[in-house]
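Grab a pencil and work through these short exercises with the structure open beside you. Try each task before you read its solution.

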Amino acid sequence: MALTDLLLFLVSTTAILYVLFKKLLQKEKSKLNLPPGPKPIPIVGNLHQLGGILPQTAYGLSKIYGPIIYMRMGQIPAILVHTTELAKEIMHNQDLVFCSRPALTVLQKYSFNGCDVAAAPYGDQWRQLRKIFILELLSNRKLPFFRSSRQAEVDQMINSIRTRPNQDSPVNISDLMVRLSSSIVCRVAFGYRSEGKYGERSRLHDLLEVGNAHFDTVFIADYFPGFGWMDWFTGSRFRIERNAKDLDMFYSKVIEEHKDVHKRGEDHEEDFVDVMLRLCKEEDSKITNDHIKGSIMNVLVGGTDTSASTVIWAMTELSRNPRVMKKAQDELRSIVGNKGKSRRK
Ligand code: HEM
């Protein structure tokens, strides 16, 4: 398509959609008893009013329009609430109505169309997957099973600091923590051991980093469903498709390796993927390969940055507060002593 044809196409589609939206807005307004809010402009809605730091912008709007505000994110209607009572009403009293996440492009793509805990709408499938997560991965009962994995990865990280060539050089704790938490999560979830020198990047880490960046990308389709094709023009849709395909290949390889009993040996430790494959074989099981892949994604994306940020935040606060740092160090030394390692679970 030539550039002029494309421009003509864009202008005419925009004009038609403008008329349609205007009619739609008028119709909706007359029917619904909507909360107050800033006047949306055609097509864009209130998107242009959401710049800056979002919580501060939202606070400013609440000063003008009150505790409950109606806005339009492009074509998508949205409600902002500003009081604990209203938040409780939504998150607690009306939880079942509001708990499903919106089917955003990036979440749908990386979750194999909702075959995971984060993107699946509330229902039987979500309940089943969540139960597996809680019982097999996140419960206190499981903590001792993963102890050796945690210990091995922490040892590797400490060694990398201890044996770094220039002992006076500063250590980038943030990088190390991201690497440590992703290595622990990979080991626990599917027995993936970090190879090469500590701190060297693996192909999986690269794919995950790109994936994480996509979670921050704005896709036009999410705010203007009729304009999803534009994401192909901007290239963002190509990029997410390519990365998701590479991740899919990685997950498929992990699943195939787990199915190969000969390669793994009979006495290997059962990891999260083993558990899911076992449940897959049960009679009446609704778990498919896509559910296993979506769950691996949940573990990788949900478990890495969250755990790393928690430690980075704690370390930053400790270094800003020498009194508390000393207290933490004394407490650690009283437990670990000269043993080099804590034996606590
Ligand atoms: C310090 C570490 C962690 C923090 C602070 C954290 C925080 C959170 C928060 C706030 C949510 C709710 C998000 C929302 O409702 O939109 C959430 C959900 C979730 N987290 Fe974590 N998380 C942590 C560790 C982990 C780990 C280690 C895993 C997996 C191995 C994990 C997997 C998940 C999953 C799958 C969900 C979605 C659950 C659902 O929709 O029901 N998280 N996490």
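**Exercise 1: a pair of strands**

Work out how strands S1 and S2 run relative to one another and how many bridges join them.

Solution. Start with S1 at residues 68–73 and S2 at residues 76–81 in this predicted model. The two run antiparallel, and six bridges join them. Now pick one bridge to check: Tyr70 has Ile79 in S2 as its partner. Finally, look at the link: two residues sit between S1 and S2, which form a hairpin. In that turn, Gly74 has a positive phi of about 65 degrees.

**Exercise 2: checking a helix**

Compare the span expected for helix H2 with the distance between its end C-alpha atoms.

Solution. H2 covers residues 54–65, so that's twelve residues. At 1.5 Å a residue, the expected span is 16 Å. The end C-alpha atoms are 16 Å apart, so the two values agree. Next, is H2 buried or in the open? Count its buried residues: you get zero out of twelve, so H2 lies largely in the open. One step past the helix, Gly66 takes a positive phi of about 100 degrees.

**Exercise 3: around the ligand**

Find which helix gives the most residues to the shell around the ligand.

Solution. First, the shell: 13 residues surround the ligand, and the closest are Asn298, Gly302, Gly303, Thr306 and Thr310. Then look at the helices: H6 (124–138) and H15 (289–320) each supply at least two shell residues. H15 gives the most, with seven. Last, sort the shell by class: six residues are nonpolar, six are polar and one is charged.

Terms used: Residues are numbered from 1 along each chain as its sequence is written. This is a predicted model: local features need pLDDT of at least 70, side-chain atom pairs count only at pLDDT 80 or more; totals for chains, interfaces and linings use all residues. Helices (H or I, at least four residues) and strands (E, at least two) are DSSP runs, numbered from the N terminus. The expected span of a helix is 1.5 Å times one less than its number of residues. A residue is buried if 20 or more other C-beta atoms lie within 10 Å of its own, exposed if 12 or fewer, and partly exposed in between; C-beta atoms are placed from the backbone. A residue is near a molecule or strand if its C-beta atom, placed from the backbone, lies within 6 Å of it. Ala, Val, Leu, Ile, Met, Phe, Trp, Tyr, Cys and Pro count as nonpolar, Asp, Glu, Lys and Arg as charged, and the others, Gly among them, as polar. Two strands pair if DSSP finds at least two bridges between them.
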